[in-house]
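Please open the model in your viewer and keep the selection panel at hand, since each stop of this tour begins with something to select.

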Amino acid sequence: MTYKVTEEGNISTVHLDGEIDMDVTEKAKEIIMPLIEAKKEVHLNLKEVQYMDSSGISVLIESHQKAMELGTKVTLKEISKSVLKVIMMAKLEQILNLD
Amino acid sequence: MEQSHIANVDEKRDFEVNSSNLKHVRSFCREVFEKLNINQELKDELVLAIAEAAQNIVKHAYNNEQTEDKMEIKISVSDGHLEIGFFDKGRPVEKDKIRHRKIDDIKPGGLGTFFIQQIMDAVVFKEGEKPWINHLILSKNLNN
């Protein structure tokens with residue numbers, strides 16, 4: 001997994017690329033959580049994520065819940081077809097912020 | 001009996017039990033499923049189910065601890081019936097404790113087993129024959 005973070009005002013966009021599994025979830029959290037803790041609105045761009053498993057889904061849930069707790073928001077952007085399928089399999093499409 | 005249009009395969013591979021090998025597990029599965037006349041969506045689902053089961057071995061049978069042990073994954077298709085065997089030498093699986101979290105209880109974790117059950121027709125835990133401790137069998141009829 002590789003990533004790029006861009007900033008625009010109070011919005012931080014994290015562009016994730018590659019496959020997100022148990023092996024990279026800690027790295028993903030290290031990138032995303034400090035932005036949420038800094039009360040940034042976080043956009044996760046998942047266009048280039050070709051594979052995500054239950055560990056990746058856990059990162060999305062944890063990020064969403066942490067953001068709600070701190071009064072900010074995580075929005076999933078340009079979700080790839082394969083990731084959307086896993087989100088829907090987990091019945092999270094009404095829970096997470098999908099755009 | 002009508003013959004299945006899906007090729008028969010029988011392949012197995014060993015993987016060191018650690019999270020950095022999960023990508024190799026996926027590559028192996030993709031390689032095998034390329035030989036089958038099934039749609040891409042189903043191939044992706046099967047790769048997910050297998051990777052989740054392999055992840056459970058790393059997480060639960062070995063507590064994500066460093067080991068030199070290997071797990072074996074065997075993929076067989078015969079007359080359109082897919083059977084995937086997982087063999088490991090980790091902690092014995094306590095079958096009664098295996099359950100996914102309630103799907104409407106939104107919290108991180110506990111989804112892997114749910115995905116496996118959603119994708120596969122049957123999930124069976126067996127005691128492994130020596131030298132294995134655990135033997136998990138996932139199966140699915142690919143003719144449907």
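Select Val5(A) together with Val14(A): in this predicted model, Val5(A) stands opposite Val14(A) in E2(A). Residues are numbered from 1 along each chain as its sequence is written, and chains are lettered from A and ligands numbered from 1 in the order in which they are written. Because the model is predicted, local features need pLDDT of at least 70 and side-chain atom pairs count only at pLDDT 80 or more, while totals for chains, interfaces and linings use all residues.

Widen the selection to E1 (2-8) of chain A and to E2 (residues 11-20) of chain A, which pair in the antiparallel sense over seven bridges. Strands here are DSSP runs of E with at least two residues, helices are runs of H or I with at least four residues, and both are numbered from the N terminus; two strands pair if DSSP finds at least two bridges between them. Along this pair, Lys4(A) stands opposite His15(A) in E2(A). At the turn, select Gly9(A), which takes a positive phi near 60° in the hairpin of E1(A) and E2(A), where two residues lie between the strands.

Next, follow E2(A) across to E3(A): nine bridges join these two strands, which run parallel, and His15(A) has Asn45(A) as its bridge partner in E3(A). Showing the whole sheet of chain A gives an open arrangement of five strands in the order E1-E2-E3-E4-E5, with mixed pairing. Strand E1 (2-8) and strand E5 (97-98) of chain A stand at the edges, each with a single partner strand, so one side of each is left without a neighbour in the sheet. Now add helix H1 (residues 25-37) of chain A, which packs on the sheet and touches E1, E2, strand E3 (41-52) and strand E4 (74-77) of chain A, its direction making about 165° with that of E2(A). Contact means that the C-beta atoms of two residues, placed from the backbone, lie within 7 Å. Angles run from 0 to 180 degrees between N-to-C directions, and axes are lines fitted to C-alpha atoms, for helices over the stretch in contact.

Turn to the place where the chains meet: 16 residues of chain A are in contact with 19 residues of chain B. On the chain A side, helix H2 (54-69) and helix H3 (81-89) each supply at least two residues, and H2(A) gives the most, with six residues. By class, this side has six nonpolar, four polar and six charged residues, where Ala, Val, Leu, Ile, Met, Phe, Trp, Tyr, Cys and Pro count as nonpolar, Asp, Glu, Lys and Arg as charged, and the others, Gly among them, as polar.

Now hide chain A and display chain B, whose secondary structure comes to three helices and five strands, following the pattern β-α-α-β-β-α-β-β along the sequence. The C-alpha atoms of chain B fill a box of roughly 45 × 40 × 25 Å along the principal axes.

Colour the strands of chain B, and an open sheet of five appears in the order E1-E2-E3-E5-E4, with antiparallel pairing. Strand E1 (9-16) and strand E4 (122-127) of chain B are the edge strands, each pairing on one side only. Within the sheet, strand E2 (residues 70-78) and strand E3 (residues 81-88) of chain B run antiparallel and are joined by seven bridges; Ser78(B) has His81(B) as its bridge partner in E3(B). H1(B) packs on this sheet, touching E1 and E2 of chain B, and its direction makes about 170° with that of E1(B).

Which helix does H1(B) cross? Select helix H1 (residues 22-33) and helix H2 (residues 40-61) of chain B, whose axes come within 9 Å and cross at roughly 145°. The residues to show as sticks include Leu22(B), Val25(B) and Phe33(B) of H1(B), and Leu46(B), Ile50(B) and Gln55(B) of H2(B). The residues of this contact divide into nine nonpolar, one polar and three charged.

For the last stop, keep H2(B) and add helix H3 (residues 112-119) of chain B, which packs against H2(B) at an angle of about 140°, with the axes 9 Å apart. Residues of H2(B), among them Glu45(B), Ala49(B) and Asn56(B), meet Gly112(B), Phe115(B), Ile116(B) and Ile119(B) in H3(B), and the contact divides into seven nonpolar, three polar and two charged residues.
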